[in-house]
Amino acid sequence: MYMNLNEFLENNIPGYKLLDVLYNNDDIIVDYYDVDAEDLPKNNAPSDLILDKETVIKALKTKNIKMSEFDKILNKYGWYMSKVKDDYIHILKLNNMDNGYYDDENKALNGLYLHITSVKPSIILNQGLKALASTDDELDKTNTMKRGIIYPNKRVYLWKLEDICSVKKGSEDIGKILAKSIKTLFDEIDARHYGNYVYLAQLPGGLKTHFDNEYGEFLPARYITQNVPPSYLRFVGTVEQISTIIEYSEFTRLREIFGV
């Protein structure tokens, strides 16, 4: 099965320009909201903006525009609503590409990604990973969200291993470095939150992934907007199994499981 490598075009405009466009073209007055919340990413305005929710709602009401319609306006300029909280709206760049400038074929984990899910191997290894959309039917009803985050396009979420474990092929320390890196990743993202089954995806070199700014700049979160066929996937174990192997420093076994 061949993976379609076509990606959508980037059409982002800078954050400061987006605010200007909204005001001048649609008379939607939005204020930048300075918030220090733990659940926001650690990166800054180039890829995310925080808007004052009260100001936005007032502006939308005068124009008879629903929150979902406001999101579609943002989409036209390469942005989308990610979170709608009590007092702020978090918007992100829609097409923030990872151009792979540091990808290195001589690195042991080049092109390898983890996917953690509650879906069993009997399904994933037969059907592959399906890109899924995210919607929230409460958004227009109450101007709030019942979901944690939303996004407008279909996605498969992945964790880029070369980001957390940059080691050359043939290195004697691959197992040890890989173990430390995966443990750190599991702890940082609370791996069981995503599910208990861990899959290794080998993506073609020509496929560019997207940064997920919701996770901030220090985590290797990526997504693609297409399905991943079973031929690109391998089940490597449960979160508990991998964690136990790491706990007991079984580095050779870990390398065998990951094929490095």
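# Briefing: a tyrosine cluster and two nonpolar cores

Tyr 151, Tyr 157 and Tyr 223 are linked by ring pairs into a cluster. Keep in mind that this is a predicted model. The chain runs to 260 residues, and 48% of them count as buried. Nine helices and ten strands make up its secondary structure elements.

**The chain as a whole**

- Take the contacts between residues at least 6 apart in sequence: 76% of them join residues at least 24 apart.
- The accessible surface adds up to about 13800 Å², and carbon and sulfur atoms account for 47% of that.

**Aromatic rings**

- Searching the whole structure turns up six aromatic pairs.
- One of them is Tyr 151 with Tyr 157, which counts as edge-to-face because the ring planes sit at 65°, with the centres 5.7 Å apart.
- Tyr 151 is buried, at 11% relative accessibility.
- Tyr 157 is buried too, with a relative accessible area of 19%; the cut-off for buried is under 20%.
- Tyr 157 also pairs with Tyr 223: here the centres are 5.9 Å apart and the planes are at 50°, so this pair is tilted.
- That second pair ties together parts of the chain 66 residues apart in sequence, because Tyr 157 belongs to strand β6 (residues 151-160) and Tyr 223 to strand β9 (residues 221-224).
- Both Tyr 157 and Tyr 223 are buried.
- Tyr 223 has a charged partner as well: the charged end of Arg 155 sits over its ring, 3.8 Å from the centre.

**The largest nonpolar core**

- As background, nonpolar side chains in soluble globular proteins tend to be buried together.
- In this model the largest nonpolar core has 29 residues, and those touching the most other members are Leu 114, Ile 116, Trp 159, Phe 186, Ile 242, Leu 254 and Phe 258.
- At least two residues of this core come from each of β4 (112-117), α7 (174-189), β7 (197-202), α8 (239-247) and α9 (251-258).
- Helix α7 gives the largest share, with seven residues.
- Phe 258 shows how this plays out: setting aside neighbours within four places in sequence, its contacts are Leu 114, Leu 161, Leu 178, Ile 182, Leu 200, Arg 234, Val 236 and Ile 242.

**A second core**

- There is also a second, separate core of 25 residues, with Val 21, Leu 49, Ile 73 and Leu 139 among them.

**Thr 238 in strand β10**

- Thr 238 sits in strand β10, which covers residues 233-238.
- With a relative accessibility of 13%, Thr 238 counts as buried.
- Beyond its neighbours within four places in sequence, Thr 238 contacts Asn 196, Tyr 197 and Val 198.

**Two loop residues with positive phi**

- Asn 64 isn't a glycine, yet its phi is positive, near 55°.
- You'll find Asn 64 in the loop between α2 (53-62) and α3 (67-76), and at 68% relative accessibility it counts as exposed.
- Ser 249 is another non-glycine residue with a positive phi, near 55°.
- Ser 249 lies in the loop between α8 and α9, and its 41% relative accessibility makes it partly exposed.

Technical notes: Residues are numbered from 1 along each chain as its sequence is written. This is a predicted model: local features need pLDDT of at least 70, side-chain atom pairs count only at pLDDT 80 or more; totals for chains, interfaces and linings use all residues. Side-chain values use heavy atoms; hydrogens and water are left out. Helices (H or I, at least four residues) and strands (E, at least two) are DSSP runs, numbered from the N terminus. Buried means under 20% relative accessible area, exposed over 50%, partly exposed in between (1.4 Å probe, protein chains only). Contact means heavy atoms within 4.5 Å. Accessible areas come from the Shrake-Rupley method with a 1.4 Å probe; for residues, only the protein chains shown count as cover. Rings of Phe, Tyr and Trp (its six-membered ring) pair if their centres lie within 6.5 Å; planes under 30 degrees apart count as stacked, over 60 as edge-to-face and the rest as tilted. A charge sits over a ring if NZ of Lys or CZ of Arg is within 6 Å of the ring centre and within 35 degrees of the ring normal. A nonpolar core is a set of buried Ala, Val, Leu, Ile, Met, Phe, Trp, Tyr and Cys residues joined through side-chain atoms within 4.5 Å.
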